[in-house]
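Colleague: I should be grateful for a close look at one part of this structure, namely its salt bridges. Please also set them in the context of the whole chain.

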Amino acid sequence: MADMVKVTYTLDDETVQRIRRVAARLGKPQSQVVREAVKDYEAHSDRLSDDERARMLAALDELLPKIPLRKQADVDAEVAEIRRARRHGGRKHRAE
């Protein structure tokens with residue numbers, strides 16, 4: 001078990017009651033309930049919030065319709081043409 005450090009935090013009454021209820025229900029010390037809650041919170045802290053997720057999805061909804069839909073063969077042909085042109089001094093005609 002890791003070294004323990006005694007710290008003091010101020011918590012609202014509702015949070016304290018929740019910690020006590022969970023500790024009693026699980027038969028664990030309150031400090032262990034807090035340690036496990038912090039560990040769980042940290043594990044999920046890198047996930048997007050609901051607001052961030054909604055903002056990113058809205059951005060995708062706006063951007064995706066602007067992406068031209070083309071066949072992969074057409075894209076591959078254009079890329080090949082660009083590569084040929086770079087090797088030989090420029091394109092013969094403008095890209096579409």
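Modeller: The answer below begins with the overall architecture and then turns to the salt bridges and a few further positions.

The model is a predicted one. The protein contains four helices and zero strands, and its elements follow the order α-α-α-α from the N terminus. For 96 residues, a compact globule would have a radius of gyration near 12 Å, whereas the protein has 29 Å. Along the principal axes, the C-alpha atoms occupy a box of roughly 75 × 30 × 25 Å. Only a small share of the chain is covered: 5% of the 96 residues count as buried. The surface exposed by the protein amounts to about 9400 Å², of which carbon and sulfur atoms supply 54%.

Charge is the background to the part you ask about. The protein carries 21 positive and 18 negative charges, and the mean positions of the two sets are 6 Å apart. Side chains of opposite charge can pair when their charged atoms come close. A search of the whole structure finds five salt bridges, and three of these pairs are described here.

One of the pairs belongs to helix α1, which covers residues 13–26. There, arginine 18 forms a salt bridge with glutamate 14, and their closest N and O atoms are 2.5 Å apart. Because the two residues are four apart in α1, about one helical turn separates them. Neither partner reaches the 20% limit below which a residue counts as buried: arginine 18 has a relative accessible area of 44% and is partly exposed, and glutamate 14, at 47%, is likewise partly exposed.

Another pair lies in helix α3, which covers residues 50–63. Aspartate 50 forms a salt bridge with arginine 53, with 2.7 Å between the closest N and O atoms. These residues are three apart in α3, so they too are separated by about one helical turn. The accessibility of the partners falls into two classes: aspartate 50 is exposed, with a relative accessible area of 58%, while arginine 53 is partly exposed at 36%.

In a further pair, the side chains of glutamate 62 and lysine 66 meet in a salt bridge, at 3.8 Å from N to O. The cut-off for a salt bridge is 4 Å, so this pair is counted. Lysine 66 is exposed, with a relative accessible area of 58%.

Helix α4 completes the series of helices. The helix spans residues 72–87, has 16 residues and reaches 23 Å from its first C-alpha to its last, close to the 22 Å expected at 1.5 Å a residue. Aspartate 74 lies in α4 and is partly exposed, with a relative accessible area of 43%. From aspartate 74 to alanine 85 there are eleven residues in sequence and 16 Å in space, C-alpha to C-alpha. After α4 comes glycine 89, whose phi is positive, near 90°.

Towards the other end of the chain, lysine 6 is placed in the segment before α1. Lysine 6 is exposed, with a relative accessible area of 83%. Between lysine 6 and glycine 27 the separation is 21 residues in sequence and 21 Å in space, taken from C-alpha to C-alpha.

Notes
Residues are numbered from 1 along each chain as its sequence is written. This is a predicted model: local features need pLDDT of at least 70, side-chain atom pairs count only at pLDDT 80 or more; totals for chains, interfaces and linings use all residues. Side-chain values use heavy atoms; hydrogens and water are left out. Buried means under 20% relative accessible area, exposed over 50%, partly exposed in between (1.4 Å probe, protein chains only). The expected span of a helix is 1.5 Å times one less than its number of residues. The radius of gyration is taken over C-alpha atoms; the globule rule is 2.2 Å times the number of residues to the power 0.38. Accessible areas come from the Shrake-Rupley method with a 1.4 Å probe; for residues, only the protein chains shown count as cover. Lys and Arg count as positive and Asp and Glu as negative; His and the chain ends are not counted. The place of a charge is taken as NZ of Lys, CZ of Arg, CG of Asp or CD of Glu.
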